[in-house]
Structure formats: structure tokens, C-alpha cells
Amino acid sequence: MSGTPTDARKVRAGRHTVEISRPEKVLFPDDGITKSDLVDHYHAVSSLMVPQLRDRPLMMERHPDGIGGKPLMQKNAPDYFPEWVRRAVLPKEGGKVTHPVCDDTATLVYLAGQACVTPHRWLSRADRPDHPDRLVFDLDPPGEPGSGSGFEEVRWTARRVCGLLGELGLPGLLMTTGSRGLHVVVPLDRRADFDTVRAFARDAADLLAARHPDRLTTEMRKDQRGGRLYLDTQRNAYAQTAVAPYAVRARPGAPVAAPIDATELDDPALAPDRWTLRTFDERLTDDPWAHADTRGRSLRTARRRLTRLSGSD
């Protein structure tokens, strides 16, 4: 790392001591949140977050000049990363990418020290990159970003997505994205490849849109949605990423992507940015997903049930 001893902070994380250069560098200028604050957040949530990242290739959203500067959406782990930061070399069209993998607290702290405000994770693990163990429904409010409206539609839709998953015998894990909406995450057993998973997700979304054509759509073109909420299943593809649980978002206030319990959908105070780096301590006492069924499920039976439902609806 760059920096002098007087311009650095050392953080003990497991077996490693991580040196943080320029710890007082302000990354969120409107909130006075520094790189050191970011490091402290990721250190505090590491016991919850690392299990959600372990074995997964990452894309780093780095903001070395703060969130007002140009972000670096970086997939390759630079050569200067310490040797104890695990890498995964994975194919891409026309070549390969050496992704960082976060298997421990030290790596998470180190990434924060590199001004990685938001780690985005693959939906598959490095040993079987073509076979996801997560399926994601991405639910954002209808309308243009910044309109500040539509989250009630997201809540309503999340209930319907979870209801359909229940009909199909699949669990649905909910999280705020820290941005505009919610993710519904389905744990899988890694037997199906991405093409199979994406087709299943799209067919499930089509069924929901057919049940509620006045409120939901799978139309990709914005000008064809007619104010309806778009059921986005496009993340379910090789090398696509989703924001990691407990990640800070590069937005004013430093909101945090937070796992929630389904009962919290009824909380009038719930919002995509309900919890922030400054307030997240209140979520550390209880992990909503710790009580959920996170065992990876096969899509075979769920596919048969979905086919029957689609034929009867």
C-alpha cells in the first residue's frame, strides 16, 4: 500500500494486520464518512458478511476519490494485492479474469482500505461458476430513479414473489438493497446451470405478471411498462453480480444492504435505505437470515409445480 507510517492505520483482522493508507480520507463528503469509518463497518459486520461472500468471485466498486468522483468497477485483483487475498481465475469471452475472493475478515478489511465501498458478488461459487447457488429477483420501484415514490409497490410485489415461491416449495430470503428496492434471494443446490435457472426465474416472473397484469410486467423496454413494476431476473446469468448483503452503497448517507425478515415488509418505517453505516449497529444483534431456511434447493420439483400453475392460471 501507499502511504507513510504517519498516514496509515493498522487493523488486526484474524491472522493478518492490515495497513490502511490515508484512513481519514473522506469518501462520503456530505456525511463526513471516512475510509476509516468504512473499514470499521466492514470489520464489525464481517462475521455476518464473510459467510455470504466466501468462495464467490467479486466485482469491486471502488471510489478512491470519494463517491462524488468516478467509480472504478474493477473485476481483476491487482498484482499488488497481498498474496493472502485469494484469487479465482475464471473465463470470460476472449480471455480470463482474476477475481478477488473474500474468504476472511482480513480480506474484507483490506478491500475497504482500497476504497471498495461496495463489493458485488457472483451468484455462483468459484469452483462451479456455471452453476449458481443463488437466484435473485430484483425489485425496484416503477418510474424513474430519484422520483422517491413506488416503494409500496415493491413491498406488495415482494409479498407476491415470496407467496409464489411458497407455492413452488422454495424459500425466499429478503434484503433491502440500500439503493431503490428489495432483492428476493432463493438458495439453490448448484445442480442447475445458469441457463436453466434464468429460464425458471423468467417463467416465474411471467406467471406473476399474468396474475397481476395491471401492476407487474416482464417487459424489458421501459416505454412499454405503463407504470408497472418490472420483475427483473436479468442478474441470473454467468458473471453477473448482485450487491452483497451488509454492503455499503455509494449514495448519500451511506445506506447498507440489509437482510430482513418477511414480517418487516409490514413495518411502515421500512425503506431501501432504512439502515446506514452510522445506524447499522442496531442490526448486529440479530441476523434475520440466521432463522431462515437457507438450504440449497433443487429446481426440478419447483419446475414441475411452476408448469402446472402456469397451465392452470
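In this predicted model, helix 4 lies across strand 10, strand 13 and strand 14. The direction of helix 4 makes an angle of about 35 degrees with strand 10. Helix 3 (residues 151–167) lies across strand 10, strand 11, strand 12, strand 13 and strand 14, and runs at about 15 degrees to strand 12.

The strands beneath these descriptions belong to an open sheet of six strands, ordered 13-14-10-12-11-16, in which the pairing is mixed. The edges of the sheet are formed by strand 13 (216–217) and strand 16. Each of these has a single partner strand, so one side of each is left without a neighbour in the sheet. Strand 16 is paired with strand 11 in the antiparallel sense over two bridges, and L174 stands opposite I260 in strand 16.

Strand 10 (residues 134–139) is flanked in the sheet order by strand 14 and strand 12. With strand 12, strand 10 forms six bridges in the antiparallel sense; here F137 has V184 of strand 12 as its bridge partner. Strand 10 and strand 14 also run antiparallel and are joined by two bridges, and D138 stands opposite D232 in strand 14. Six of the six residues of strand 10 are buried, so this strand is largely enclosed by the rest of the structure. In a regular strand, side chains alternate between the two faces of the sheet. Both faces of strand 10 are covered: R134, V136 and D138 are buried on one side, and L135, F137 and L139 are buried on the other.

The largest nonpolar core has 85 residues, of which Y42, M49, F137, L139, L231 and V248 touch the most other members. Helix 4 (residues 194–211) supplies the largest share of this core, with nine residues. A second, separate core has five residues, among them A88, V101, W122 and A126. The surroundings of L139 include residues distant in sequence: leaving aside neighbours within four places, L139 is in contact with V154, T157, A158, V161, G181, L182, V184, L229 and L231.

T177 is located in the loop between strand 11 (173–176) and strand 12 (182–187). The relative accessible area of T177 is 3%, under the 20% limit, and T177 therefore counts as buried. Apart from neighbours within four places in sequence, T177 contacts L182, H183, V243, R249, A257 and P272. L182 is also among the contacts of L139.

A further loop residue, A77, is placed between strand 6 (72–74) and strand 7 (86–92). A77 has a relative accessibility of 10% and counts as buried. When residues up to four places away in sequence are not counted, A77 touches R87, T98, H99 and P100. A77 and V89 are separated by 12 residues in sequence and by 9.9 Å in space, C-alpha to C-alpha.

Helix 1 (residues 35–53) departs from a straight course. A straight helix of 19 residues would span 27 Å at 1.5 Å a residue, whereas helix 1 spans only 21 Å between its end C-alpha atoms. Helix 1 contains a kink of about 80 degrees, centred on S46. Just after helix 1, D55 takes a positive phi of about 75 degrees.

Most residues other than glycine have a negative phi. A239, although not a glycine, has a positive phi of about 75 degrees. A239 lies in the loop between strand 14 (229–232) and strand 15 (241–243), and is partly exposed, with a relative accessible area of 26%. Y246 is likewise not a glycine and has a positive phi of about 75 degrees. Y246 is found in the loop between strand 15 and strand 16 (259–260). At a relative accessible area of 3%, Y246 is buried.

Methods: Residues numbered from 1 in each chain as written. Predicted model: local features only at pLDDT ≥ 70, side-chain atom pairs only at ≥ 80, totals over all residues. Heavy atoms only, no water. Helix = DSSP H or I, 4+ residues; strand = E, 2+ residues; numbered from the N terminus. Buried < 20%, exposed > 50% of the residue type's maximum accessible area, 1.4 Å probe, protein only. Contact = heavy atoms within 4.5 Å. Core = buried A, V, L, I, M, F, W, Y, C linked by side-chain atoms within 4.5 Å. Pairing = 2+ DSSP bridges. Axes fitted to C-alpha atoms, helices over the stretch in contact; angles between N-to-C directions. Expected span 1.5 Å × (residues − 1). Bend = angle between axes of the 7 residues up to and from the residue.
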